[in-house]
Amino acid sequence: MDPGDAAILESSLRILYRLFELPLLLPLSAALSGRMNVIDHVRDMAAAGLHSNVRLLSSLLLTMSNNNPELFSPSQKYQLLVYHADSLFHDKEYRNAVSKYTMALQQKKALSKTSKVRPSTGNSASTPQSQCLPSEIEVKYKMAECYTMLKQDKDAIAILDGIPSRQRTPKINMMLANLYKKAGQERPSVTSYKEVLRQCPLALDAILGLLSLSVKGAEVASMTMNVIQTVPNLDWLSVWIKAYAFVHTGDNSRAINTICSLEKKSLLRDNVDLLGSLADLYFRAGDNKNSVLKFEQAQMLDPYLIKGMDVYGYLLAREGRLEDVENLGCRLFNISDQHAEPWVVSGCHSFYSKRYSRALYLGAKAIQLNSNSVQALLLKGAALRNMGRVQEAIIHFREAIRLAPCRLDCYEGLIECYLASNSIREAMVMANNVYKTLGANAQTLTLLATVCLEDPVTQEKAKTLLDKALTQRPDYIKAVVKKAELLSREQKYEDGIALLRNALANQSDCVLHRILGDFLVAVNEYQEAMDQYSIALSLDPNDQKSLEGMQKMEKEESPTDATQEEDVDDMEGSGEEGDLEGSDSEAAQWADQEQWFGMQ
């Protein structure tokens, strides 16, 4: 073919590719010449996503190259190693992939020393091939990905640190920022997140990363100001940043109000991420009712939602809705078993069914999948605590606090461990620190009061703290429960009944109904007490204390019934043996029922 005709044909082919949007999988010069070398075929298969085919062919070709070093040029050998490592990465053989990537980088280093590219031997395909060698920076990034999958974060940081700052792409800076943050290196983490935003000002996850590292919301917003002013329909972004700045400073009420105002805007209404954030914030604020409602709303909008479902499952389990928890776990496993959330939900079902060993296993499995899962750490910590392994539980609660310093339930778990091991002093120090750090709200006041109740010397202080908490939030269940506990100690049952009736006026809770039943028994209101126990069991059939309360009442009533029956028997001339058998039978029936409830 005449060179001039070839040029015209190549130009025509390029126009056709553009018109019909055809993928340009191989160099046009190779196509025109009708010659493709084997490396071109490997590259095309890699581009087409035929990873298993690439793995088999590249393995054979590398063996051929090892037996005959002259068979492929240094650049071709480099490409083969990279494509083979990529196929191993796709098969999740991360250690093997790292080994091949390392060999590829060594090959590239040797290639750079000898010459830029091995001179062409007349093969027209070799020139374009040499111009599209796999990027050395991309190879290092993939190596870092392998190291993170192998939980070798230090090695991942080391390989990425070796890339000069000017050559780091946004995804490299993002990975470095996350790795630095995980390692507790806040300053370089902030620098890397800022570099991501400099290159990609709408990288919202990088914004959240900066806010989580205590960078001021105003400073973060200033980095996005230009894009907000130049791109239409982004006026919501500054409010979004403000909302999550409140989230990361632990100001839950202002965060809720800001996200609600954002979610009410027509363009952002029914956004699943915003609803999930609201649900999580209500949970942190101790408003479990609204948290569950928001989770359900988000779940209806996106039936494949996984994020946040571990918290949702935990809340359902606490309410005694174990059947719903089981169904949720099954649904999540059908979506993906490679996320921590399904394992945590299943673990919550086991924990509230008193199967602590199974809950421990499921929590450990969730942590294996995601070491940053706070809910998994809390589940495993709670299971260890209930199994009497308090020191191990403390380690998990401390790690949860490190990952989520604004979540009160992490501190609650740790303080419960201290109290379980009679370390009241440590519990008091921790409760005071939480009070100072997160501020004087109903939750921190109640937590501090809980510790004060353990020491007779600080009983009055506990009473003052609980009164303050209930003044702020009369519906806060934990504060109501602790105040009722204090009134029970003081035998002020009428005051306790009034407190509980007031709390139950606008909400229904198993624990509150059960405690009200206990107080009613104390003032001889047996029938209403039985009603309250029944309501508690209808809300949570596994609530052992409500069942015990009902059993106790039955036992107290049975002597009276036996006396009446004995009088009748005396009049009829019958003996007492049948009555005793009836009493034993009834006790056995209750024992069987108790055992049944305990097994659920």
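The exercises below, each with a worked solution, concern a predicted model.

**Exercise 1.** Determine how helix α23 and helix α24 are arranged relative to each other, and which kinds of residue form their contact.

*Solution.* Two packed helices are described by the angle between their axes and by the distance between those axes. For helix α23 (residues 374-386) and helix α24 (residues 390-403), the angle is about 160 degrees and the axes lie 8 Å apart. Angles over 145 degrees count as roughly antiparallel, so α23 is roughly antiparallel to α24. The crossing of α23 past α24 is left-handed. On the α23 side, the contact is made by V374, L377, L378, K380, G381, A382, L384 and R385. On the α24 side, the residues are V390, E392, A393, H396, F397, E399, A400 and L403. The residues of this contact comprise 10 nonpolar, two polar and four charged.

**Exercise 2.** Establish whether L445 is buried or exposed, and identify its contacts beyond its neighbours within four places in sequence.

*Solution.* First, locate the residue: L445 belongs to helix α27 (residues 442-452). Its relative accessibility is 2%. Because buried means under 20%, L445 counts as buried. Beyond neighbours within four places in sequence, L445 contacts Y435, A440, L465, K468, A469 and Q472. For one of these partners, A469, the C-alpha to C-alpha distance from L445 is 5.8 Å, at a separation of 24 residues in sequence.

**Exercise 3.** Carry out the corresponding analysis for S87.

*Solution.* S87 is placed in helix α5 (residues 74-90). With a relative accessibility of 1%, S87 counts as buried. Neighbours within four places in sequence aside, S87 is in contact with H51, V54 and R55.

Methods: Residues are numbered from 1 along each chain as its sequence is written. This is a predicted model: local features need pLDDT of at least 70, side-chain atom pairs count only at pLDDT 80 or more; totals for chains, interfaces and linings use all residues. Side-chain values use heavy atoms; hydrogens and water are left out. Helices (H or I, at least four residues) and strands (E, at least two) are DSSP runs, numbered from the N terminus. Buried means under 20% relative accessible area, exposed over 50%, partly exposed in between (1.4 Å probe, protein chains only). Contact means heavy atoms within 4.5 Å. Axes are lines fitted to C-alpha atoms, for helices over the stretch in contact, and angles run from 0 to 180 degrees between N-to-C directions. Angles under 35 degrees count as roughly parallel, over 145 as roughly antiparallel, 65 to 115 as roughly perpendicular and the rest as oblique. A crossing is left-handed if the near helix is turned anticlockwise from the far one by less than a right angle, and right-handed if clockwise. Ala, Val, Leu, Ile, Met, Phe, Trp, Tyr, Cys and Pro count as nonpolar, Asp, Glu, Lys and Arg as charged, and the others, Gly among them, as polar.
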